[in-house]
Amino acid sequence: MSDVKQSGQLFDLAKAAMSQAYVPYSHFTVGAAILTASGELYSGCNVENASYPEGTCAEAGAIAAMVRDGETQIKEIYVMGEGDALVTPCGGCRQRIREFSSADTMIHICGPEGVRKSLTMNELLPFSFGPENLV
């Protein structure tokens, strides 16, 4: 599959996930789509609950699905939200993404119209703490 086709597929997957978000409190939908190193695709949406703000981020949902299937390496992740500002992963999700990434993993920050900014893992979370710090 070409990189362009794969990028479009990931964008569409993040957008579809965003449309399924359960956000009765914030009304702020977020979707995420992951491409693993082996070529598998996963997605997730944010899910809120009555014990707001205790919910699940879109990135966390996509990562959980990925890990459930035995995948452990994120090649690219698309994160999509609405509004004028960049909808970047929260601090906790930056660390979650880092756990399964390399320094070169690409994080694409999107709005419904397209990719707004692309960053490597090191650009998104410089000087990060990861599994290799525990050895």
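Trainee: Where does Pro53 lie?
Mentor: In this predicted model, Pro53 lies in the loop that runs between β2 (41-45) and α2 (58-68).

Trainee: And what kind of peptide bond joins Tyr52 and Pro53?
Mentor: The bond joining Tyr52 and Pro53 is cis, with an omega of about 15°. Most peptide bonds are trans.

Trainee: Changing topic, which sign does phi have at His27, positive or negative?
Mentor: His27 has a positive phi of about 60°, although His27 is not a glycine. Most residues other than glycine have a negative phi.

Trainee: Where is His27 found, and is His27 buried or exposed?
Mentor: His27 is found in the loop between α1 (3-18) and β1 (30-36). His27 counts as exposed because its relative accessibility is 62%, and the cut-off for exposed is over 50%.

Trainee: What about phi at Phe127?
Mentor: Phe127, also not a glycine, has a positive phi of about 55°. Phe127 is in the segment after α4 (121-124) and is exposed, with a relative accessible area of 86%.

Trainee: Now the interior: how many residues does the largest nonpolar core have?
Mentor: The largest nonpolar core has 20 residues, and Ile34, Ile74, Ile77, Ile97 and Ile107 have the most contacts inside it. The elements giving two or more residues to this core are β1, α2, β3 (74-81), β4 (106-111) and α4.

Trainee: Which element gives the most?
Mentor: That is α2, with 5 residues.

Trainee: What does Ile107 touch?
Mentor: Leaving aside residues up to four places away in sequence, Ile107 touches several residues, including Ile77, Pro89, Ile97 and Leu124. A second, separate core has 9 residues, among them Leu10, Ala14, Tyr78 and Cys110.

Notes:
Residues are numbered from 1 along each chain as its sequence is written. This is a predicted model: local features need pLDDT of at least 70, side-chain atom pairs count only at pLDDT 80 or more; totals for chains, interfaces and linings use all residues. Side-chain values use heavy atoms; hydrogens and water are left out. Helices (H or I, at least four residues) and strands (E, at least two) are DSSP runs, numbered from the N terminus. Buried means under 20% relative accessible area, exposed over 50%, partly exposed in between (1.4 Å probe, protein chains only). A nonpolar core is a set of buried Ala, Val, Leu, Ile, Met, Phe, Trp, Tyr and Cys residues joined through side-chain atoms within 4.5 Å. Contact means heavy atoms within 4.5 Å.
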